[in-house]
Amino acid sequence: MSERCDKGDPMKYVIQIVGVGGQGVLLASMVLGNAAMAEGHNVAMSEVHGMAQRGGSVLSTLRIGDNVISPLASDGEADMILGFEPAETCRNITLGNKSTMIIMNLDPIYPSTVTAGSSEYPGTDEMISSIKKVTKNIMTIEATSLAETAGKAVAANAVMIGAAAAVKGFPLPKDAVRGSLLNLVPEKFRELNAKAFDLGYDEMRK
């Protein structure tokens, strides 16, 4: 993973956040981007690609670094893929390489074709095996279930943000990321999001 080294090389870190509409991918990008800027880094974030309505595929690219200008990142360049939905994580695995850290939420959101019975959703073991062909650095988490423990399933994005902050080599300190999250959510949801963030962070630290 890319990080500042002892020789003073510039830091660069690329995060690809993938999921479906309604999961809070854009909020996660804003939280991490604001935290990075608060820490003094340059940040470039892509527009969210894909169908942004609920259920459509969403991809957001976040580039953090001292010399970052463009938000564009090539396939294989990601230091982290933050997968809010398991099938979307697999579909975007070409964004990573053998050193990429994958955090995959195991709780699926089934597309209409699956709920209608016209297609099948891939099995968990099958998806994990596909990812391991690219990188062995995969960590799984039941983010929606943890969010329900915190109070509401909608806070699964806060669980995923907390999980990202816990990964070894992640360039942003926990407190900066947590503070950025709480600054962006409405006051009445801060306690929920704080609990969800902490559950995600602790789960990755186990």
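## Exercises on a predicted fold

Ile15 sits in strand S1, which spans residues 12-20. Strands (E, at least two residues) and helices (H or I, at least four) are DSSP runs, numbered from the N terminus.

Residues are numbered from 1 along each chain as its sequence is written. This is a predicted model: local features need pLDDT of at least 70, side-chain atom pairs count only at pLDDT 80 or more, totals for chains, interfaces and linings use all residues, and side-chain values use heavy atoms, with hydrogens and water left out.

**Exercise 1. Judge the confidence of the protein chain, then of residues 1-8.**

Step 1. Take the scale: pLDDT is the predictor's confidence in each residue, from 0 to 100.
Step 2. Read the average: it is 90 for the protein chain, and 89% of the residues score at least 70.
Step 3. Check residues 1-8: their pLDDT is below 50, with 15 contacts in the model beyond near neighbours in sequence. Contact means heavy atoms within 4.5 Å.
Step 4. Apply the general rule: where pLDDT is low, predicted coordinates should not be read in detail.

**Exercise 2. Decide whether Ile15 is buried or exposed, and list its contacts.**

Step 1. Set the cut-offs: buried is under 20% relative accessible area, exposed is over 50%, and partly exposed is in between (1.4 Å probe, protein chains only).
Step 2. Classify: Ile15 is buried, because its relative accessibility is 0%.
Step 3. Set aside residues up to four places away in sequence; Ile15 then touches Leu32, Ser60, Thr61, Leu62, Ile64, Met80 and Phe170.
Step 4. Add a distance: 9.0 Å separates the C-alpha atoms of Ile15 and Glu77, which lie 62 residues apart along the chain.

**Exercise 3. Trace the pairing from S1 through S5 to S6.**

Step 1. Use the criterion: two strands pair if DSSP finds at least two bridges between them.
Step 2. Start at S1: it pairs with S5 in the parallel sense, over four bridges. Val18 has Gly83 of S5 as its bridge partner.
Step 3. Go on to S6 (residues 101-105): four bridges join it to S5, again parallel. Here Gly83 stands opposite Met104, and Ile81 opposite Ile102.
Step 4. Inspect the faces of S5 (residues 80-83): Met80 and Leu82 are buried on one side, Ile81 and Gly83 on the other.
Step 5. Do likewise for S6: Met101, Ile103 and Asn105 are buried on one side, Ile102 and Met104 on the other. Five of the five residues are buried, so S6 is largely enclosed by the rest of the structure.

**Exercise 4. Place Thr89 and name its contacts.**

Step 1. Locate Thr89: it is in helix H2 (residues 86-91).
Step 2. Classify: Thr89 is buried, because its relative accessible area is 0%.
Step 3. Skip neighbours within four places in sequence; the contacts of Thr89 are Val18, Ile81, Gly83, Phe84, Ile102, Met104 and Ile131.

**Exercise 5. Contrast the surroundings of H6 with those of Met30.**

Step 1. Count in H6 (residues 156-166): eleven of the eleven residues are buried, so the helix is largely enclosed by the rest of the structure. Among them are Asn157, Val159, Met160 and Ile161.
Step 2. Turn to Met30 in helix H1 (residues 25-38). Met30 counts as partly exposed because its relative accessible area is 34%.
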